[in-house]
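Here is a short tour of one protein model. Keep the sequence and the 3D view open as you read.

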Amino acid sequence: MSSRDKTILHVVGARPNYMKIAPLMDALSTVPRVRQLLVNTGQHYDAAMAGGFIRELSLPIPDRDLEVGSASHAVQTANVMIRFEQVCLEEKPDLVVVVGDVNSTMAATLVASKLLIPVAHVEAGLRSFDRTMPEEINRVVTDRLADILLTPSRDADENLAREGVAAERVYFVGNIMIDTLFRHLPTATLDRVADRVNVTAGSYAVLTLHRPSNVDVRETFTSILSAVAAIASETPVVFPMHPRTQARVNEFGLRHLLKGVCVLGPMGYIDFLSLTSHAKVVLTDSGGIQEETTYLGIPCLTLRENTERPITVKQGTNRLVRPETVHGHLEAILSGKWPKTTVPPLWDGKTADRVARSLKARAT
Ligand code: UD1
């Protein structure tokens, strides 16, 4: 490598990161004189949560594995910082790219900023305005420090402007996760999962739950699973369960509420896309799934009090619900009374190219 080549260091760590970095590394691979490195923090470490995604999405084998694993927020964040600082000192990157809002995103941003390495944040500007949500703190800190803020929607631009971020730092590029969805949708057929799930297209619900606010409090989790049990008595429900959620089901003794539900372990990216893209409705507390269902035009009921992705409600198929209101919304969906929606601007499968162009423009 000559001294004029640029080193870009990409950071991934948890399940929702891989589908955001994969299209970007691909787009940047055609840019001359750029050396790309991939750092995997290991915030998620099970094959079903991490390694499987790296292979399936054709990401390169990570150049560095930090193996931080699960711990309290402070310990996990601190471990990423300690180990990532070493990587930065050794590799001397010209740019660090972080995505999303997980602890690894914020930790890497803090380290790079203090070493005066420019940071680009993909999926910048989203706000739930709810600081009880750990991701909200990660978003605010990351955007405060990052030099290049790449936003998925205009509401994100408005949030950043309100916080006093200079417009020159903000690039509206669209939703990079949709690039990955766009690429894999043709192979996401229901027969991929037929060995685990016996459903027909358009006849079933998919459920995902993992937010501490939903699953870590016994009363809340019980009322959600009671609502799910009622749905499952009428409509098949498929529930790929996050490890945190599995642990709480066992700890709170709630297995009986899942008797009529098809419970699976965490799924791979394309298998899960096969399920959601053929579902009648998706129930979730995830951020990314609100966006994927809006793109797919599949009704989504989000078991949360707020969302950092309001465009999915304003323009898309998403509605915020509580356990006691789920049933009414489901009736509306089953009887075809769900508003017509549109795909938000620049959720078009070409976001990674726009990110690559923005980064190039900044570097030259
Ligand atoms: C993290 C992110 C969240 C994201 C979610 C996607 C933060 C603050 N949270 O939450 O934004 O939506 O990932 O999944 O960064 N565990 C395993 N195997 C794994 C990973 C986790 O068994 O590979 C178990 C552990 O018991 C762990 C628990 O799941 O304690 C939670 O994992 P953790 O990484 O702390 O947070 P998530 O809830 O996954």
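The report covers the sheet, the cores, the cavities and two backbone angles.

**The sheet**

This is a predicted model. Its open sheet has 7 strands, in the order β3-β2-β1-β4-β5-β6-β7. The pairing is parallel. Which strands stand at the edges? They are β3 (64-65) and β7 (170-172). Each has a single partner strand, so one side of each is left without a neighbour in the sheet.

Look at the β3 edge. Strand β2 (residues 34-40) runs parallel to β3, and 2 bridges join them. R64 in β3 is the bridge partner of V39.

**The nonpolar cores**

In soluble globular proteins, nonpolar side chains tend to be buried together. Here the largest nonpolar core has 40 residues. Helix α1 (residues 15-28) gives the largest share of this core, 8 residues. V97 and L359 have the most contacts inside the core.

What does L359 touch, leaving aside its neighbours within four places in sequence? Its contacts are L28, L95, V97, A120, I148 and L150.

There is also a second, separate core, with 29 residues. Among them are I224, V228, L254 and I333.

**The cavities**

Rolling a probe the size of a water molecule over the atoms shows where empty space is left. This structure holds 3 cavities of 30 Å³ or more. The largest cavity has a volume of about 60 Å³.

Its lining has 6 nonpolar, 3 polar and 2 charged residues. K20 and E123 are in that lining, and so are L150, T151 and P152. V173, G174 and N175 line the cavity too, along with I176 and M177. V122 is also part of the lining. Strand β6 (148-151) and helix α7 (176-184) each supply at least two of the lining residues.

L150 links two parts of this tour. L150 is in contact with L359, and L150 also lines the largest cavity.

**Two positive phi angles**

Most residues other than glycine have a negative phi, and most peptide bonds are trans. S58 has a positive phi and is not a glycine. L346 also has a positive phi without being a glycine. The table sets out both residues.

| Residue | Phi | Loop between | Relative accessible area |
|---|---|---|---|
| S58 | near 55 degrees | α2 (51-56) and β3 | 53%, exposed |
| L346 | about 65 degrees | α14 (326-334) and α15 (351-363) | 26%, partly exposed |

Is S58 buried or exposed? S58 is exposed, because its relative accessible area is 53% and exposed means over 50%. L346, at 26%, is partly exposed.

Definitions and conventions:
Residues numbered from 1 in each chain as written. Predicted model: local features only at pLDDT ≥ 70, side-chain atom pairs only at ≥ 80, totals over all residues. Heavy atoms only, no water. Pairing = 2+ DSSP bridges. Helix = DSSP H or I, 4+ residues; strand = E, 2+ residues; numbered from the N terminus. Core = buried A, V, L, I, M, F, W, Y, C linked by side-chain atoms within 4.5 Å. Buried < 20%, exposed > 50% of the residue type's maximum accessible area, 1.4 Å probe, protein only. Contact = heavy atoms within 4.5 Å. 1 Å grid on protein atoms, 1.4 Å probe; cavity = no way out; pocket = protein on both sides within 12 Å on 5 of 7 lines; lining within 4 Å. Points joined across faces, edges and corners; volume = space filled by probe spheres on them. Nonpolar A, V, L, I, M, F, W, Y, C, P; charged D, E, K, R; others polar.
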